[in-house]
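Here is a short tour of a single protein chain, from its overall build down to a few individual residues. Have the sequence and the model open as you read.

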Amino acid sequence: MPRNEMVYTGKEKPLILIAEDNPSNFHLFETILKKDYALIHAWNGKEAVLLFEEHRPHLILMDIKMPLIDGYEATQKIREKSLSVPIIAVTAYAFGSDETRIMNSGFNAYISKPIQSGLLKETILKMLIR
């Protein structure tokens, strides 16, 4: 089974790639998730694509507005390599049209900022056990 397919073996924590250019936001994700997940961090969309190719994480948290390439383009590039890895869009934009665009752009789920830890954990778990 490819590494990007989630399998709970009990031997390792699932690996999450967090694509987030804001240090404070990344620290919040890290604080919420580090107990249950192994984390790698991309500072921009281009780095997210490279880290995906190198590490094949089990799940990706993708900020929409990032330098170099945005979350939409990074997701498109990752989808060319994997249709199965869950990608959760994370954005401050919360309009209905934004959610429609996100869900039509290759993302599996959507979480708006400010981040609610319970909703974040619940969404990640749903994506990993689907």
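## Surface and charge

The accessible surface of the protein chain comes to about 7,000 Å², and carbon and sulfur atoms account for 53% of that area. Please keep in mind that this is a predicted model, and that the values here are computed from it.

The charges are matched in number: the chain carries 16 positive and 16 negative side chains. The centres of these two sets lie 4 Å apart.

## Overall build

How many helices and strands does the protein chain have? There are 5 helices and 5 strands, and along the sequence they follow the pattern β-α-β-α-β-α-β-α-β-α. The radius of gyration is 13 Å, close to the 14 Å that the globule rule gives for 130 residues, so the chain is as compact as a globular protein of that length. Along its principal axes, the C-alpha trace spans about 40 × 30 × 25 Å.

Buried residues make up 45% of the 130 residues. Contacts also reach across the sequence: among those between residues at least 6 apart, 58% join residues at least 24 apart.

## Salt bridges

Side chains of opposite charge can pair when their charged atoms come close. With a side-chain nitrogen of Lys or Arg required within 4 Å of a carboxyl oxygen of Asp or Glu, the count comes to 5 salt bridges.

One of them is between Lys113 and Glu20, at 3.2 Å from N to O. Lys113 sits in the loop between strand E5 (109-112) and helix H5 (117-128), while Glu20 sits in the loop between strand E1 (15-19) and helix H1 (23-33), so this pair ties together parts that are 93 residues apart in sequence. Are the two partners buried or exposed? Lys113 has 21% relative accessibility and counts as partly exposed, whereas Glu20, at 1%, counts as buried.

Another salt bridge brings together the side chains of Glu53 and Lys81, at 3.1 Å from N to O. This pair also links distant parts of the chain: Glu53 belongs to helix H2 (residues 45-55) and Lys81 to the loop between helix H3 (71-79) and strand E4 (87-91), 28 residues apart. Glu53 is partly exposed at 34% relative accessibility, and Lys81 is partly exposed at 39%.

A more local example is found within helix H5, where Glu122 and Lys126 are 4 residues apart, separated by about one helical turn. Their side chains meet in a salt bridge of 3.4 Å, N to O. Glu122 is partly exposed, with a relative accessible area of 43%. Salt bridges that share partners also join Glu20, Asp63 and Lys113 into one network.

## Two helix residues

Thr123 lies in helix H5 and counts as buried, at 12% relative accessibility. Which residues does Thr123 touch, not counting those up to four places away in sequence? The residues are Ile88, Ala109 and Ile111.

Glu47 has its place in helix H2 and is partly exposed, with a relative accessible area of 27%. Leaving aside residues up to four places away in sequence, Glu47 touches His41 and Ala42. The C-alpha atoms of Glu47 and Arg130 are separated by 27 Å, and these residues are 83 apart along the chain.

## Backbone details

Lys113, already met as a salt-bridge partner of Glu20, has a backbone feature to look at as well. A cis peptide bond joins Lys113 and Pro114, with omega about 0 degrees. Pro114 is found in the loop between E5 and H5.

Where do positive phi values turn up in residues other than glycine? Arg56 is one such residue, with phi near 45 degrees; Arg56 is in the loop between H2 and strand E3 (59-63) and is partly exposed, at 28% relative accessible area. Leu68 is another, with phi near 70 degrees. Leu68 lies in the loop between E3 and H3 and counts as exposed, at 65% relative accessibility.

Notes:
Residues are numbered from 1 along each chain as its sequence is written. This is a predicted model: local features need pLDDT of at least 70, side-chain atom pairs count only at pLDDT 80 or more; totals for chains, interfaces and linings use all residues. Side-chain values use heavy atoms; hydrogens and water are left out. Helices (H or I, at least four residues) and strands (E, at least two) are DSSP runs, numbered from the N terminus. Buried means under 20% relative accessible area, exposed over 50%, partly exposed in between (1.4 Å probe, protein chains only). The radius of gyration is taken over C-alpha atoms; the globule rule is 2.2 Å times the number of residues to the power 0.38. Contact means heavy atoms within 4.5 Å. Accessible areas come from the Shrake-Rupley method with a 1.4 Å probe; for residues, only the protein chains shown count as cover. Lys and Arg count as positive and Asp and Glu as negative; His and the chain ends are not counted. The place of a charge is taken as NZ of Lys, CZ of Arg, CG of Asp or CD of Glu.
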